[in-house]
Every structure is written in C-alpha cells, then in structure tokens.
Amino acid sequence: MIELRDVHKAFGRQVVLDGVDFVVETGQTVALLGPSGTGKSVLLKHIVGLLMPDSGDVLVDGMSVPRLRRKELTALRRKVGYAFQMGALFDSMNVYENIRLGIVDEALYRDKAFCDARVAEVLKQVNLSPDVARQMPGSLSGGMKKRVGIARAIAGKPSYLLYDEPTSGLDPVNADAMDALIEQLQHELHVTSVVVSHDVRGSFKVADRIALLHHGKIRKVGTAEEFVNAKDEVVREFLERDFQLLEAEH
Amino acid sequence: MDSSTPLITSPSLTPPLFVRFLRNVGRGAVDSLTQVGRFGMLLVELVRALPEWRQWLPRAMEQCQAIGYGSLFIVLLTSGFAGAVTSLQAGYQFTGSVPLYVMGAVVAESIVLELGPVLTGLILAGRVGARYAAELGTMRVTEQIDALEALGRNPISHLLLPRIAAGVFMVPALVMLANLTGLLTGWLAAKSSLGITDADFIYGTRYFFRTFDLWYSLIKAEVFGVVVTLIPCYVGFSADQGAEGVGRATTTAVVVASVSILILDTVLAKILLPT
C-alpha cells in the first residue's frame, strides 16, 4: 500500500504540494489527474524518495520513505518500477543494456543467459520486437522510448509500478495502445500502480480509482462513475475541458 | 480630477540601495555556503561508494580510454610546441651570456616542473571537463540520473566515480608523455636553431635534474587529474533548468576547473618546492 499523509513540498516560494493525503490500496491502479504543472510528477517522485517532503509522511509497505536509511531506500526502490515521462533511457547504452539495468538483483544482473531471456520477455510484454534490443535510444520514436522505459521498469519484477504521463506527446492511436498496454500489464503482473496523467479518457479506462490534484491538494478521489457524476465545480470544469477536446477531435 | 487617479499615492516599495546591497551579499554568502556544503556531501558520498568497485571499476576502464586515448593527440601537440618555443625563447635570452648546456636544464625544468602538468591540466579542463559537465548535466535534465536512482542504483558509483577514477589514473600518464614530448621537441629545437650538441644538452639536463622534480610533476598531475574530473562532475550533476542549465554548467565547469588548476599550481609550488 502507498500512503501520503499531509505532504507539503515547496521549491523556494513556490508551494507545489500543500497537504496532500493520498492512498493507493494494494493491487489497485489509481490515476492521478490534474492540469500540467500542478505537481503530479513531484508527488510521484516522493513515493520512491527522489524528492523528500518538507513535512508530512510518505508510507510504502508501511515504511516511512523519508526516514529510511540508504540501504533500506535502495531495497524499497528495487520493489518499485518507475516509467518516466520521456522514457529517461540512458543515451550511451543500447535498449538491451537499458532494460538489463532494470534487473535489480545483482546475481541475476550478471547472469547473461537470464538477462537475455528476461530482456526478450519484457520486450514482448510491451509489444516490441526483440530486434529493438540492439538499437540505441536515439533511433527510437517517442512511443517506443516510453515502451522501453516501461520494459525497464518491469524487468526487475516490481510490486509497484509508477507511470509518469505515459500518454503525453503520443497521437491518439498510440495513446490508446499505451492505455491498453497499462491495462494488460496490470492483468499480467498484478502490481499496485499509480498513473500520473492529464488524459481523462485514458485514466477512466485504466484506473480502478481516480484522484484529482488541484492547487497542491487532492480535490477528489473516486471511481470514474463518481467523477462523471461529481457536483464539484473544479472537477466538472477539468472533465469538461477534456471531453470538449475529445469532441473537437471527432 | 480623473476618478481613476488615487487620492493618496503609496510610498515606493523598493528598499534603499544599502539594504539591497546587504541583501545581495547575504544571498551570495548563503548560496556559496550551500555549494560548499553540497560539494562536501558529494565527497562523502564518493568515499562511501568506493567499496562498490564492481560498479565503478569496469566503467572507469571505458572512461580511461576516453580520457587517455581521446586526449593523447592534443596533449602531445601542445606539449610539443611548448617544448620547442621554450627552447627557442631561452636561446634568444641566454645565447652569449651563459654556457649553451644550460639550455638542457632550462627546457627540462620548465617542461617537467611547470608546462607539462599545467598545460595538460588546462587542456583537459576544457576537453574532458566540458564533456563531463555536459554529459552529466544532460543526464540530470532528462531524468536519466533520477531513473538510475529509481532503479535502486547509486549514480555516484555508476557515473561519478568511474569518471574521477579515470582522471586519477590517466592524467599522470598523459603528463609524463607530455613531459617527454616537450623535452624531445625542446632538444630538437635547440639543436637546429642554436647548434647545441646532444652531449651538451644531456649534460645540462642531468646536471640540474633532481628525482624530486619528477615526483613534483607527478603530484601536480594527480591533483589536476582530480580537479579536471571532480569539479565538472559536481557541476554537471547539479545542473538544472533544461538546455540553458546544461550550457551554464558546462561553462562553469571549464572556468572553475581552469582557475582551480592555476591556484593549485601556485599553492603546490609554495608547499612542495624548497625555497
């Protein structure tokens, strides 16, 4: 389970998280929605200790992330797969080496046969051909980079998966394919997932529950149905903006 | 009177010049202390990551090739010209006033004590320093360093230690080669322009040479090897704000590393050379 309790975070004078309370139950997929620049990615980084809260607490598996020692934090991070917004692939390594770095068990990491098999397996899971393994990140499209990023995130068989804007920058067809991939991985891996997004339609598809981050606070948490029927003006405004865009697209 | 004109004008909110000056000085002092603190923390992290040699040693070998082989041509070219010009200028100054064999000592001592290590250090500050700061800065702004941390891997042992170790291993080797090249070109230049014999040049070189001179050159090379890798690694690792941040980090890394070399050159001369 992931739990954020009254988390505050500011960068200089800019307050990004202003008392966030947020819970993700084990096995659930929660989509964290909100306009760009509201601190969704900042919240995600708190879960793996890439950022520490100014006050409040972040609990993963009952452990307080800000209070973990270095070794404990490393052990926790190895249970969490993190798919970055632009893939964050290492430029100097090919796709194989990038994914191999995701195999976090050191003994398995040095086992060439295991790594070959595991890289091929995760590439298949993210619907990429095994030939991609030999390519350098620079030669991949944006969508492929995101898929390789997800492949790297799941290579170590994590218990948690964090997706940072998995569909941003993708055309509608590829965005749908990415949503389908997230659903597929959820069924295959049975992990606890947090999907940060500003894509309402995709989030409704992949998430068990949805949370809306607004002005540094969680404004509403609920199912897709509860969101559609919400009376809260901020929630309605956010949903309508996305649905208007959707209508305009069609 | 226009209804939009306020009846009472508010006093200027801009603080007096003296207050602004004090505020800027205070801000600068806090920023400097923050940088010193962060740099100190990085040094501690580097020492703590040393036992993770399985991570950094293989990568250090790759970096050694990049620093050593990649910089060899420019280092030898620079030291070669430095040796030749030292010889020619010494000849211009000393011909007729001191015995010709002194040329050997002037060239050897100038190259080994000063020009070999310092010129190599400055060239590597530009070539390697800029590369490391830009590489690490780009990795920082494209979240590659965050990705490494999120995978439970230590960026210090994966990225920084290999680069700094490569500097520690390779810069002394480059400086020794630079010394040798400078000495040879100085010898050739003295021979061709001043007509000094090989025997005289070797006599002069050996007469004034002390083994400590070579150790001094090596110590300087080792210190400069740390400077040209550690400072750019720190600056690149702390880069922010997109392409502009990476550009700023690269410039800062080269300037700070170059100035540090010149300062340390003076400090080491004062500490190590008996006067």
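## Exercises on a predicted two-chain model

Arg5(A) stands opposite Asp57(A) in S4(A). The exercises below start from this pair, and the model they refer to is a predicted one.

**Exercise 1.** Work out which strands form the sheet that contains S4(A), and how they are paired.

*Solution.* Begin with strand S1 (residues 2-11) of chain A, which pairs with S4(A) in the antiparallel sense over five bridges. Next, place these two strands in their sheet, an open one of four strands in the order S2-S1-S4-S5 (chain A), where the pairing is antiparallel. Finally, look at the edges, which are strand S2 (14-24) and S5 of chain A, each of them pairing on one side only.

**Exercise 2.** Describe the six-stranded sheet of chain A, and say which strands lie at its edges.

*Solution.* First read the order of this open sheet, which is S6-S7-S8-S3-S9-S10 (chain A), and note that its pairing is mixed. The edge strands are strand S6 (80-83) and strand S10 (217-222) of chain A, since each pairs on one side only. On average, and with direction ignored, neighbouring strands of this sheet are turned by 15° against each other. As a last step, add the helix that lies across part of the sheet: helix H1 (residues 40-47) of chain A lies across strand S3 (29-33), strand S7 (160-164), strand S8 (192-197) and S9 of chain A, and runs at about 155° to S8(A).

**Exercise 3.** Follow strand S9 (residues 209-214) of chain A into S10(A), and find which residues are bridge partners.

*Solution.* The two strands run antiparallel and are joined by five bridges. Within S10(A), Ile218(A) is the bridge partner of Leu213(A), while Lys217(A) is the bridge partner of His214(A). Together S9(A) and S10(A) form a hairpin with two residues between them, and in the turn His215(A) has a positive phi of about 50°.

**Exercise 4.** Locate Asp61(A) and Asn127(A), and decide whether each counts as buried, partly exposed or exposed.

*Solution.* As background, most residues other than glycine have a negative phi. Asp61(A), although not a glycine, has a positive phi of about 55°, and its place is in the loop between strand S4 (55-60) and strand S5 (63-64) of chain A. A residue needs 20 or more neighbours to be buried and 12 or fewer to be exposed; Asp61(A) has 15 C-beta neighbours inside 10 Å and therefore counts as partly exposed. Asn127(A), likewise not a glycine, has a positive phi of about 60°, and it is found in the loop between helix H5 (112-125) and H6 of chain A. Because Asn127(A) has 13 C-beta neighbours inside 10 Å, it counts as partly exposed.

**Exercise 5.** Find which helix gives the most to the largest nonpolar core, and trace the contacts of Ala151(A).

*Solution.* This core has 73 residues, and among those that touch the most other members are Leu32(A), Ala151(A) and Val194(A). Helix H6 (residues 142-155) of chain A gives the most to the core, with six residues. Leaving aside neighbours within four places in sequence, Ala151(A) is in contact with Ile99(A), Val122(A), Leu123(A) and Val126(A). A second, separate core of 63 residues includes Ala82(B) and Leu161(B).

**Exercise 6.** Check the span of helix H1 (residues 17-49) of chain B, and count its buried residues.

*Solution.* At 1.5 Å a residue, the 33 residues of this helix should span 48 Å, and the end C-alpha atoms are 48 Å apart, so the two values agree. The count of buried residues in H1(B) is zero, and the helix is hardly covered.

Technical notes: Residues are numbered from 1 along each chain as its sequence is written. Chains are lettered from A and ligands numbered from 1 in the order in which they are written. This is a predicted model: local features need pLDDT of at least 70, side-chain atom pairs count only at pLDDT 80 or more; totals for chains, interfaces and linings use all residues. A nonpolar core is a set of buried Ala, Val, Leu, Ile, Met, Phe, Trp, Tyr and Cys residues joined through C-beta atoms within 7 Å. Two residues are in contact if their C-beta atoms, placed from the backbone, lie within 7 Å. Two strands pair if DSSP finds at least two bridges between them. Axes are lines fitted to C-alpha atoms, for helices over the stretch in contact, and angles run from 0 to 180 degrees between N-to-C directions. The expected span of a helix is 1.5 Å times one less than its number of residues.
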